[in-house]
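Trainee: I have a structure open and a pile of terms I don't quite trust yet. Could we go through it and check why each label applies?
Mentor: Sure, bring it up and ask away.

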Amino acid sequence: MSAGTRQRLRQQLDAYMAKKKLRSTAQRRLIVDTFFDGSPHVTIEDLLTEVRSQDRGIGYATVYRTLKLLAESGVASERRFGDGLSRYELADGEDDHHDHLICTSCGSITEFEEPKIEKLQDAIAARHNFRVTSHRHEMYGVCGACQARERRVGS
Ligand SMILES: [Zn+2]
Ligand SMILES: [Zn+2]
C-alpha cells in the first residue's frame with residue numbers, strides 16, 4: 001500500500017469522525033495508529049493484544065467499536081477467510097487492489113497483486129455488460145511451509 005493511500009485513508013477517517021461529531025480520545029487514537037501500522041488481517045483479539053501492550057486499560061468493547069467505526073467509514077475492509085473470524089485490513093485504494101492466498105493448514109494469509117487477472121476480470125465484466133463495484137479473489141490451499149512439513153512427516 002502506498003504512502004499516498006494511507007494518507008488519504010487518514011483524511012477519510014478524520015472527515016467521517018467530524019461529520020459524525022465523534023471525539024478522538026487517546027485510546028481511540030492508539031487503536032487507530034496500531035491498526036494503520038500493525039500487522040494486516042487482524043482480528044479484534046489480535047488488535048486488542050497489540051494495543052494492550054501499550055495501554056493495559058483498553059477494553060474489548062473500545063477496540064470493537066473503533067474497528068466498526070473504521071469499517072463504517074470505509075477505511076477498513078472486513079474479511080472472512082473461512083475460519084469463522086472477522087479480520088480487518090486497510091481498504092484498497094483505486095490503483096492498489098490486492099487479493100489473498102489462504103493456507104487451510106496453518107492459517108497464513110498471503111497477499112498478491114496480479115494486473116493480468118484484474119484486466120481479465122474487466123474483460124469478462126464488459127462481455128456481460130456488467131458494472132463491477134468490487135470483487136475478491138481468495139485461493140484456499142496449502143502453503144509452501146506446510147507442504148514441506150507434510151513431506152517431512154510423510155518420509
Ligand atoms: Zn501453511
Ligand atoms: Zn490483505
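Trainee: Let me begin with K68, E78 and R80: what are they linked in?
Mentor: K68, E78 and R80 form a network of salt bridges. Keep in mind that this is a predicted model, and every value we discuss is computed from it.

Trainee: What makes the contact of E78 and K68 a salt bridge?
Mentor: Check the distance: the side chains meet at 4.0 Å, N to O. The cut-off is a Lys or Arg nitrogen within 4 Å of a carboxyl oxygen of Asp or Glu, so the pair counts. The two ends sit in distant parts of the chain, with E78 in strand β1 and K68 in helix α4 (residues 60-72), 10 residues apart.

Trainee: Why is E78 called partly exposed?
Mentor: Partly exposed is the range between the 20% that limits buried and the 50% that limits exposed. E78 has 28% relative accessibility, so it falls in that range. K68 is partly exposed too, because its relative accessibility is 28%.

Trainee: How many salt bridges are there in the whole structure?
Mentor: The search finds 5. One of them joins the side chains of D33 and R10, at 2.9 Å from N to O.

Trainee: Why does the pair of D33 and R10 tie parts of the chain together?
Mentor: Look at where they lie: D33 is in helix α2 (residues 26-37) and R10 in helix α1 (residues 3-19), so the bridge ties together parts 23 residues apart in sequence. D33 counts as partly exposed because its relative accessibility is 33%, and R10 gets that label at 30%.

Trainee: What about R79 and E89: how do you know that they form a salt bridge?
Mentor: Their side chains meet at 2.8 Å, N to O, and the limit is 4 Å, so the pair passes. R79 lies in strand β1 and E89 in strand β2, so parts 10 residues apart in sequence are tied together.

Trainee: Are R79 and E89 buried or exposed?
Mentor: Both are buried. Take E89: its relative accessibility is 4%, and buried means under 20%, so the label fits.

Trainee: What makes strands β1 and β2 a pair?
Mentor: At least two bridges are needed. Strand β1 (residues 76-80) and strand β2 (residues 86-90) have 5 bridges, in the antiparallel sense, so they pair. One example is E78, whose bridge partner in β2 is Y88. The two strands form a hairpin with 5 residues between them, and G82 there takes a positive phi near 80 degrees.

Trainee: How do you know that β3 and β4 pair as well?
Mentor: Use that test again: strand β3 (residues 99-103) and β4 share 4 antiparallel bridges, and at least two are needed, so they pass. D99 has F112 as its bridge partner in β4. This hairpin also has 5 residues between its strands, and G107 in the turn has a positive phi of about 85 degrees.

Trainee: Now the metals. Why is the site of the zinc ion (ligand 1) called tetrahedral?
Mentor: The 4 donor atoms make angles of 107 to 115 degrees. For four donors, tetrahedral requires all angles between 85 and 135 degrees, so the site qualifies.

Trainee: Which residues coordinate the zinc ion (ligand 1)?
Mentor: C103, C106, C143 and C146 do, each through SG, at 2.3 Å. A donor must lie within 2.8 Å of this metal, so they count. Their spacing along the chain is C-x2-C-x36-C-x2-C. C146 is buried, because its relative accessibility is 2%.

Trainee: What are the protein donors of the zinc ion (ligand 2)?
Mentor: H41, H98 and H100 donate through NE2, and E89 and E111 through OE, at 1.9 to 2.2 Å. E89 is in strand β2 and E111 in strand β4 (residues 109-112), so this pair links distant parts of the chain, 22 residues apart. E111 is partly exposed, because its relative accessible area is 38%.

Trainee: Last one: which residues lie nearest the centre of the largest pocket?
Mentor: H97, V132, T133, S134 and H135 do, out of 17 lining residues. The pocket holds about 540 Å³ of space, and α5 gives the most to its lining, with 5 residues.

Key. Residues numbered from 1 in each chain as written. Chains lettered and ligands numbered in written order. Predicted model: local features only at pLDDT ≥ 70, side-chain atom pairs only at ≥ 80, totals over all residues. Heavy atoms only, no water. Donors = N, O, S within 2.8 Å, 3.2 Å for Na, K, Ca; no water. Tetrahedral: all angles 85-135°; square planar, octahedral: opposite > 155°, others 65-115°. Buried < 20%, exposed > 50% of the residue type's maximum accessible area, 1.4 Å probe, protein only. 1 Å grid on protein atoms, 1.4 Å probe; cavity = no way out; pocket = protein on both sides within 12 Å on 5 of 7 lines; lining within 4 Å. Points joined across faces, edges and corners; volume = space filled by probe spheres on them.
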